[in-house]
Structure formats: C-alpha cells, structure tokens
Amino acid sequence: MPSRVAAYREDLRRLKRWEPYLRKHSGLPGPRANLELVAAVAEEADADVLWQLSASKDEYLALCGTAGLGRFALLEPDTVMSWLREQASDPRWRVREGVAMALQRIGRENMPMLLVEMKEWMQGDAFAQRAVVAGLCEPPILKSNPEIVQVLEILDHITTSVASGDDRRSDGFRVLRQALGYGWSVAAAAAPENAVPYLQKWLQSTDKDVAWIMRSNLGKARMASLRDALARPAPGQRSGSRAR
C-alpha cells in the first residue's frame, strides 16, 4: 500500500487549488497537525506556492510553506535563509516548527552550509537560537564527527548565553530552554567522547536554568551509556567534590 505521504502527493497533483484541501486535512484544531501532509506539500509544491503558503495568516498553511522552503535553500540561499530567520520568531509555534523542519532538510542535503548559517544565527536572539538547536539536533543529520563537534561548540555558545541571560520570563527564553533540554542529549549521543567535557562543565553550573537543562538531558534514554562517564569527576575537579 502507498504511504500516506505518497497518497497525499497524488491528491495534490490532481488539485488546482490546494488551500481548501490543506485546511480540511490539516488535523487542526486538534493535538497533532498532519505532518505527513506537510511532507507531501514540501515535495510537490513549486517555489511560488511555498512562498505564498509560508506568508499565510493560517497557521497550518504557513507551517507547510515554511517547512517546504528548505527544499529551495540551496538555490536561493540568501532569500530563503533570511525569511526562515524571520519566521523563527513567529508567535505561532507551529510556524517555528516549520523553520526547524526546513533547517533539518537543509542539513540532510548540505550540512556544511547549514553549520555556516547556524553560526550566524546563534549570535541572534533567543528565538533564533532556539531554531538553531531544533534545526541541528536531529539524529539523521548528525553523521560526521567533525560536524557534530561543531554542533557541540554551537550548543556550548548558546548555553553560555542562557547562563548570562537576564530576560528569563520571555517566550523566547522559555522555548530556547525547552529546546536545550533535549538538544544536548541528541548531540551527545552522536559523539559521546566529544560531548563529555562539555556536559561535565555544565553539570557544575550553579545557574538554575542550566541545571534544569542538564537534568532534562540526563533523563533521556539516549543518555544511558553516558551517565557513568558523567558521574566521574571532570579534569581538575577534586574527587568527591560536588558542584553546587
């Protein structure tokens, strides 16, 4: 039997107007948007359609278009990346997820390009940093050790900004904290030996939000093999001493 994505692609090819179909099959309102249909749109739509959808006031249509634009980032890098960065601050969380999906698509096709872009975004505000974490911390794109090392360096930079952050009640800070709460474990599972020094450093942090981020990551099943290594004192830390 054809997959749901393939079936949706066939339906879209037969339609002249997509928007009524997308709204009908969006899964909204409801707890879960129809991501299989999002994937179908990303593969079937041309650039003009995706730009139009991405700018929609309808959250699901904007999700579809924004996620799909990752397919055209290699052809129009400046235009697409500029728009995705703007969308990373959209008040609609599903649109922000569309940005993450677009970045992950770019990473699957050209991880070096994505890393260059994310090193610029990591200097931005909390929403931009959240997009960086969500875009990079995706297991299928974390394959090359040198690239994973760069991801760890980026996470270290962003965590440093969290530890020195002042506006901790903002929505941007909240979503960045949540993303870091799983992102470190994804990168660490991909390159455990490289991740241990970073994790040991941040496990000693007295910052309450960094401490929450580390606890959240340590609780992930993917971190099981790393817990013993992290229980050992970091270089320079006295045996038996404990971080506050």
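Reader: Is Ala 224 buried, partly exposed or exposed?

Author: In this predicted model, Ala 224 has a relative accessibility of 45%, so Ala 224 counts as partly exposed, since that class lies between the 20% limit for buried and the 50% limit for exposed.

Reader: And where is Ala 224 found?

Author: Ala 224 is in the loop between helix 13, residues 208-218, and helix 14, residues 227-231. Its C-alpha atom lies 31 Å from that of Arg 94, and the two residues are 130 places apart in sequence.

Reader: Where is the place of Ala 55, then, and is Ala 55 buried or exposed?

Author: Ala 55 sits in the loop that runs between helix 4 (47-54) and helix 5 (59-68). With a relative accessible area of 52%, Ala 55 is over the 50% cut-off and is therefore exposed. From the C-alpha of Ala 55 to the C-alpha of Leu 218 the distance is 38 Å, with their positions 163 residues apart in sequence.

Reader: What about Ala 39, which place does Ala 39 have?

Author: Ala 39 belongs to helix 3, and at 30% relative accessibility Ala 39 counts as partly exposed. Its C-alpha atom is separated by 12 Å from that of Ser 3, which is 36 residues away along the chain.

Reader: Switching to the interior: how many residues does the largest nonpolar core have?

Author: The largest nonpolar core has 73 residues, and those with the most contacts inside it are Leu 22, Val 41, Leu 103 and Trp 121. Helix 11 gives the most to this core, contributing eight residues.

Reader: What does Trp 121 touch?

Author: Leaving aside residues up to four places away in sequence, Trp 121 touches Met 81, Leu 84, Arg 85, Ala 88, Val 99, Leu 103, Ala 128, Gln 129, Ala 131 and Val 132. Leu 103, one of those partners, is itself among the core residues with the most contacts.

Reader: Leu 103 is in helix 7, so how many of the residues of helix 7 are buried?

Author: In helix 7, 12 of the 17 residues are buried, so this helix is largely enclosed by the rest of the structure. Among the buried ones are Val 99, Leu 103 and Ile 106, along with Arg 94, Arg 96 and Arg 105. The buried residues pack against helix 3, helix 5, helix 6 (77-87), helix 8, helix 9 and helix 11.

Reader: Helix 6 came up there; is Val 80 of helix 6 buried or exposed?

Author: Val 80, found in helix 6, has 0% relative accessibility and therefore counts as buried. Beyond residues up to four places away in sequence, Val 80 touches Trp 51, Leu 69, Phe 72 and Ala 73. Val 80 and Trp 51 are 29 residues apart in sequence, and their C-alpha atoms are 9.4 Å apart.

Reader: Where does helix 11 bend?

Author: Helix 11 bends by about 30° at Leu 180. Its 20 residues, 171-190, should span 28 Å at 1.5 Å a residue, and the end C-alpha atoms are 29 Å apart, which agrees.

Reader: At what angle do helix 10 and helix 12 pack?

Author: Helix 10 (residues 145-163) and helix 12 (residues 192-203) pack at an angle of about 10°, with their axes 10 Å apart. An angle under 35 degrees counts as roughly parallel, and these two helices are therefore roughly parallel to each other. The contact involves, among others, Val 149, Leu 152 and Asp 156 of helix 10 and Ala 195, Tyr 198 and Trp 202 of helix 12.

Reader: What else do the buried residues of helix 10 pack against?

Author: Besides helix 12, the buried residues of helix 10 pack against helix 8 (111-121), helix 9 (126-136), helix 11 and helix 13. Those buried residues include Glu 147, Ile 148, Val 151, Leu 155 and Ile 158.

Reader: One last change of topic: which peptide bond is cis?

Author: The bond from Leu 28 to Pro 29 is cis, with omega near 0°, and Pro 29 lies in the loop between helix 2 (19-24) and helix 3 (35-44).

Key: Residues numbered from 1 in each chain as written. Predicted model: local features only at pLDDT ≥ 70, side-chain atom pairs only at ≥ 80, totals over all residues. Heavy atoms only, no water. Helix = DSSP H or I, 4+ residues; strand = E, 2+ residues; numbered from the N terminus. Expected span 1.5 Å × (residues − 1). Bend = angle between axes of the 7 residues up to and from the residue. Core = buried A, V, L, I, M, F, W, Y, C linked by side-chain atoms within 4.5 Å. Buried < 20%, exposed > 50% of the residue type's maximum accessible area, 1.4 Å probe, protein only. Contact = heavy atoms within 4.5 Å. Axes fitted to C-alpha atoms, helices over the stretch in contact; angles between N-to-C directions. Parallel < 35°, antiparallel > 145°, perpendicular 65-115°, else oblique.
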